[in-house]
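Reader: Please give me a close account of one part of this structure, the metal site, together with what lies around the other ligand.

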Amino acid sequence: MNDFSKLKKIIEGHNSFLLSTHVNPDADALGSELAFYLILKKLGKEVKVVNHSATPYNLEFLDKEKVIEKFDESVHGKIFDDVEVFVLLDLNQANRIVKMEKGFRSFKGVKVCIDHHLDPENVFDNYFGSADYSATSEIIYDFIEQTKIVEIDYEIALQLYAGIMTDTGSFRFDRTNPRIHRIMAELLEKGVNPTTVYDKIYDQFKFARLKLLGEALSSIEIDSTNRIAVMCIKKEALARTGATEADIDGFVNYCLTIQNVQIGILFYELKDGLKISFRSKGEIPVNKLAVEFGGGGHTNASGAKIYNTTIEEYKEKVIKAAQQYL
Ligand code: 5GP
Ligand code: MN
């Protein structure tokens, strides 16, 4: 059980906070971050929210007050000296904040991590959460629930709902239990509209994303075991369709919609290297598979980033490694 009273004490004992979340943030990253921001603001704290990545366009509605800043060394270089507490949400390895990693590692104040991934890096003075949580937003809910630090109003409820809805795969992944639905019921009672939230996040994409999805689906191959599906997206495909890297979020899940397939792998080329996303069904620990390639994540969803390389160089190697987990 988490001792959230310690987190409450950290908040009460300090005045200035810097919040950040992982590269290419999803709705749980932003929802937990913005919910935490709203808690701190309600308590009259000074809060900065600075992320490595820009907010994806379909999640901009969460940042209604436009408080999130995109990290820029020339603007934010001194920020690490100016705040007392640095809170990282929805990540547990400092390299997930990319350009802000250096500032975090040399940060002299209180380092807090609130997260639900496996195997946290041992660099946080204060770690709250566990891999038993469906979402970081669920941890924030528990924190509020246990400490009664603030009232959950509509704005906070919206963030938590968006984070939990998306990280549970719209209430179908493993961690979806009666308790999650009870929390959701409470958030709906605060006025969250489930139809609108789902529509904004999943049904308002640019046409270019669908064109790219079409190409990505056409690229899918099945390995010799018939249990691994592999999707590839080349750099040229982004240029051709006009889609962006953020549009790729969620594509890999289509690999698991194929009969018998238990592992889905997506390779996509970034400007500076290769991103691999892994997904699995059941007990197959793709987080361990990702670790083999310098990444990490959850049992059923993980990823890795490899600099200065191509799909060709890694594809066969990764499929071979994946076959060992079947
Ligand atoms: P996605 O495939 O959606 O980018 O990431 C799925 C999960 O894998 C994320 O929630 C995160 O936990 C993990 N993940 C993705 N990329 C990386 C990476 O480069 N390093 C680490 N440690 N984890 C990653
Ligand atoms: Mn999450």
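Author: A residue is called buried when its relative accessible area is under 20%, exposed when over 50%, and partly exposed in between (1.4 Å probe, protein chains only). The model is predicted, with local features requiring pLDDT of at least 70, side-chain atom pairs counting only at pLDDT 80 or more, and totals for chains, interfaces and linings using all residues. Residues are numbered from 1 along each chain as its sequence is written, chains are lettered from A and ligands numbered from 1 in the order in which they are written, and side-chain values use heavy atoms, with hydrogens and water left out.

The manganese ion (ligand 2) has as its protein donors D28 (OD), D90 (OD), H116 (NE2) and D167 (OD), at 2.2 to 2.3 Å. Donors here are N, O and S atoms within 2.8 Å of the metal (3.2 Å for Na, K and Ca); water is not among the atoms, so sites may look incomplete. Along the chain, the donors follow the spacing D-x61-D-x25-H-x50-D. Distant parts of the chain are linked by D28 in helix α2 (residues 27-42) and D167 in helix α7 (residues 154-167), which are 139 residues apart; helices are DSSP runs (H or I, at least four residues) and strands likewise (E, at least two), numbered from the N terminus. Both D28 and D167 are buried.

Turning to ligand 1, a nitrogen atom of this ligand is 2.8 Å from an N or O atom in the side chain of Q93. A polar side-chain atom of R96 lies 3.4 Å from a nitrogen atom of ligand 1. Strand β12 supplies the largest share of the shell around ligand 1, five residues.

Technical notes: Polar contact = N/O pair within 3.5 Å; in protein donor to acceptor, adjacent residues only side chain to side chain.
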